[in-house]
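Q: Could we go through this model together? I would like to start with one residue and move on from there.

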Amino acid sequence: MMVTSASNIPHCSYSPFPIINKQIHPQSWGNGNPSLSLKQAMKPSSCTFSNEPQISFTDAEEKRRFKWVEIGPGITEEQRQAIDKLPFKMTKRCKALMKQIICFNPEKGSLEDLLGAWVNVMKPRRADWLVVLKELKIMEHPLYFLVAEIALLEETFEANIRDYTKIIHGYGKQNRLREAENILDAMKRRGFICDQVTLTTMVHMYSKAGNLKLAEDTFEEIKLLGQQLDKRSYGAMIMAYIRAGMPEQGEGLLKEMDNLEIYAGSEVYKALLRAYSTNGDTDGAQRVFGTIQLAGISPDAKLCGLLINAYQVAGQSEEARVAFENMRRAGLKPSDKCVALVLAAYEKQNKLNKALEFLMDLERDGIVVGKEASSILAQWFKKLGVVEQVEQVLREFAAK
């Protein structure tokens, strides 16, 4: 079958993007500069028949022909390898489009024309679109987002709110804020109501971009939905406060969650503890450390290390030592990082005798001082002007 442009046969016309005729505006796509215009999408074409499938599109200003032809042998080795890696069980309909996208050359036509040709020749269903998009995402193909956005306009794709959310999330992961916002705006114009999942995705995105005000506004928008907030929504806002250097506000939301018997993911607790630890806020670090245990999360050497670090930063060497010993009493094997943190705390207060006592206790209990802790000792000895002893000390620890 051959489909060619023939303006003298108006009764056999079609639009390669029929959904655009339903007041869907392509200028709302996230790419900012879509090559498909409303005039292009609604231009007429006509149908004739031949043995070879072929599509052509005519623009008012410029005549251009797009032919759907099988991918031949004249492709690059890289393209051939990519085609060979396509799933064996992929349908011919999907594989045909994947081959065209892999070998896509914008000089031979636009991507919108290509997808329009596929729709008219292959008659895909939603399942076919999803297979193609999944494969493009796995491949990390540069045309993934553009194909996904064009698909939103296709009736055969039967777009729903989750399709928009996936694209927004994808743009968010790449810190492409403007494109994500464009997709959100397009979604609203097309009659979709933002739900908690979509808005939480936006909070995550604004948080990563360092825009606390927009994150807070979006979080308030979630509350206005009148639904119980889930741990993902709370977690996204807590992380936004942490990234903004406001762990106290994040901890406030954590307490609100506890009152509602909603427990955050372990990564949220760890991030909050790390924020307090980095600032040397020992009270905050101790509170969160206790909250972690109440939430049923068993502390490991890394979490204990964050608590010890808080005392080290604050210059509280004895409290750092107590936290270290509490970890050992809990049956946890101290890491070299934890040992190094205690030594750094003693160094900050210039308590050499306490540090040596600490090292002897470790030796007695069979705990080997590793590279990081040895480095702390070496730097400390150099500051004290005992350079001659440095190599000897390091050799002794290395031999143990």
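A: Certainly. In this predicted model, Arg-243 is located in helix H11, which covers residues 231-243.

Q: Is Arg-243 buried, partly exposed or exposed?
A: Arg-243 counts as partly exposed because its relative accessibility is 46%, and the partly exposed class lies between 20% and 50%.

Q: Which surface patch includes Arg-243?
A: Arg-243 helps to form a positive surface patch, together with Lys-137, Lys-166, Lys-173 and Lys-208.

Q: Changing topic: how many salt bridges are there?
A: The count is 17 salt bridges.

Q: What does Asp-361 pair with?
A: The side chain of Asp-361 forms a salt bridge with that of Arg-321, at 2.8 Å from N to O. This pair links distant parts of the chain, as Asp-361 is in helix H18 (residues 352-364) and Arg-321 is in helix H16 (residues 317-329), 40 residues apart.

Q: Are those two buried or exposed?
A: Both Asp-361 and Arg-321 are buried.

Q: And which residue meets Asp-365?
A: Arg-328 does, in a salt bridge of 2.5 Å from N to O. Here Asp-365 sits in the loop between H18 and helix H19 (371-383), whereas Arg-328 belongs to helix H16, 37 residues apart.

Q: How exposed is each of them?
A: Asp-365 is partly exposed because its relative accessibility is 44%. Arg-328 is also partly exposed, with a value of 23%.

Q: Which network are these residues part of?
A: Arg-321, Arg-328, Asp-361 and Asp-365 are linked with Glu-325 and Arg-364 in a network of salt bridges.

Terms used
Residues are numbered from 1 along each chain as its sequence is written. This is a predicted model: local features need pLDDT of at least 70, side-chain atom pairs count only at pLDDT 80 or more; totals for chains, interfaces and linings use all residues. Side-chain values use heavy atoms; hydrogens and water are left out. Patches are made of residues with over 30% relative accessible area and no salt bridge: like charges are joined within 9 Å, nonpolar side chains (Val, Leu, Ile, Met, Phe, Trp, Tyr) within 5 Å. Accessible areas come from the Shrake-Rupley method with a 1.4 Å probe; for residues, only the protein chains shown count as cover. A salt bridge is a side-chain nitrogen of Lys or Arg within 4 Å of a carboxyl oxygen of Asp or Glu. Lys and Arg count as positive and Asp and Glu as negative; His and the chain ends are not counted. The place of a charge is taken as NZ of Lys, CZ of Arg, CG of Asp or CD of Glu. Helices (H or I, at least four residues) and strands (E, at least two) are DSSP runs, numbered from the N terminus. Buried means under 20% relative accessible area, exposed over 50%, partly exposed in between (1.4 Å probe, protein chains only).
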